[in-house]
Amino acid sequence: MSRYPAHPPGLPARRAALKLLDAVLRRGEPLELALHAAAQGLAQRADKALVHAIVAEVLRRTPDLDALIDSATRRVLPADSKARAVLRIALAQVLLLKTPAHAAIATALPLVDGGPRKLVHGVFGALMRNEVSLPERPALLPEVGERWLAQWGEAMVEAARDALAAPPAIDLTLKPGEDTASWCERLNGTSLLPGHVRLAESADITELPGFGEGAWWVQDLAASLPARLLGEGEGRHVLDLCAAPGGKTMQLASHGWRVTAVDQSKRRLERLGENLARTGLAAESVQAELRQWEPQAPVDAILLDAPCSATGIFRRHPDVLHRIGERQIGELAELQEELLQRVAGWLKPGGTLVYATCSLERAEGEEQVARLLEKNREFSLEAAPAELLPVGIAPTPEGWIRTLPGMLAAEGRLDGFFIARLRRS
């Protein structure tokens, strides 16, 4: 082990990755929020991107990485041991990010001392000599797989495994008036719906044509559906609740709605303001907690993208698979029910309420709307017209929209979403 330098190039990034992994797995912090603190000492953007990539791959592949580690140890390492975390990081680099083995181990060994250092070196060396590989389809954490199996069945679980194998494609929403076919050609993308472009490969978004002039913004296709269901605003007043970072706000403003965007995060509202400025769109922004704020008068429409578990966006945010369990889902479901009942009273008679969550949990979707309809007889479901949805996606027999990991698999898949459009009589 002495042939490895004490401070090899790239070591600060690996230290940051270890710190970030600990923040997610031990303290339950969201990956994106914890990244800033973990990578604080890194000046280069590329180093921060590497930290994110390493940890995201570890989180996607934790069960499979652990199976390899356990196959090369006589005694099972504790799940929260530093040696296991360092081995996960080293193996993820070699097997998923194609880092040379000597670079991965050289930057791994300084992260541990004493006996664990010898253990890491021995286990890593044994696995490299055996030329191990990861299965093509990732394994889900047992508790996640069991929960989804009970709700959706085996086909959905298998589709989720396929979806977890790679980060999702980047979707763009075009401003009204922009030609979809033209932008597909300029950006080398495809379209699954008018006003939508899916990029063929990852790219520096800020360097793409159309970014500077605000011709489009990044927004997953499933995330764009709730605002689409409200149609043209024609100057009517809509509340975009839990609005930041602003994709739905920009959709609504660009389609003629007078938008009041409400969010409790000052930082996220600042980002919303930046997006509005870039696209030349206007909306009123309000920093407030929805349980304490209310509009001055009833409004024509409400879009409530409710706080949720975010398990539907596990492809982009694999940390949710590790941070979210039955307890968190139950707590969030209680909050969603409270918010739905509260905001329903803010709607004018004849107005429209769109409720959405980026969740794969029935407790945060189907069960919420069923409860609202039971308690508020003045509300009824309105099924979405087919022309507002991607080909292959249709409302359920109940009238709401449910997107699952297996949908549009050949086209690059969708995030998991629940969306319901309700009318107040």
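This passage describes the overall build of a predicted model, followed by a helix pair, a buried leucine and a small sheet with its packing helix.

The protein chain contains 15 helices and 12 strands. Its radius of gyration is 23 Å, close to the 22 Å that the globule rule gives for 425 residues, so the chain is as compact as a globular protein of that length. Along the principal axes, the C-alpha atoms fill a box of roughly 75 × 45 × 40 Å. Of the 425 residues, 55% count as buried. Contacts also reach across the sequence: among those between residues at least 6 apart, 70% join residues at least 24 apart.

Helix 3 (residues 45-71) and helix 4 (residues 82-95) offer a good place to look at packing. Their axes come within 8 Å and cross at roughly 105°, which makes helix 3 roughly perpendicular to helix 4. On the side of helix 3, the contact is made by Ile54, Glu57, Val58, Thr62, Leu65, Asp66, Leu68, Ile69 and Asp70. Helix 4 contributes Arg84, Leu87, Arg88, Ile89, Leu91, Ala92, Gln93 and Leu95. Sorted by class, this contact has 10 nonpolar, two polar and five charged residues.

Ile89 also turns up in the surroundings of Leu18, a residue of helix 1 (residues 11-25). Leu18 has a relative accessibility of 14% and therefore counts as buried, the cut-off being under 20%. Leaving aside neighbours within four places in sequence, Leu18 is in contact with Lys82, Ala85, Val86, Ile89 and Leu111. Leu422 lies elsewhere: Leu18 and Leu422 are 404 residues apart in sequence, and their C-alpha atoms are 46 Å apart in space.

Turning to the strands, one open sheet is built from four of them in the order 2-3-1-4, with antiparallel pairing. Strand 2 (189-190) and strand 4 (216-218) stand at the edges; each has a single partner strand, so one side of each is left without a neighbour in the sheet. Strand 2 runs antiparallel to strand 3 (residues 196-199), and two bridges join them. Within this pair, Gly189 stands opposite Leu199 of strand 3. Helix 9 (residues 180-187) packs on the sheet and touches strand 1 (171-174), strand 2, strand 3 and strand 4. The direction of helix 9 makes about 15° with that of strand 3.

How values were computed. Residues numbered from 1 in each chain as written. Predicted model: local features only at pLDDT ≥ 70, side-chain atom pairs only at ≥ 80, totals over all residues. Heavy atoms only, no water. Pairing = 2+ DSSP bridges. Helix = DSSP H or I, 4+ residues; strand = E, 2+ residues; numbered from the N terminus. Contact = heavy atoms within 4.5 Å. Axes fitted to C-alpha atoms, helices over the stretch in contact; angles between N-to-C directions. Parallel < 35°, antiparallel > 145°, perpendicular 65-115°, else oblique. Nonpolar A, V, L, I, M, F, W, Y, C, P; charged D, E, K, R; others polar. Rg over C-alpha atoms; globule rule 2.2 N^0.38 Å. Buried < 20%, exposed > 50% of the residue type's maximum accessible area, 1.4 Å probe, protein only.
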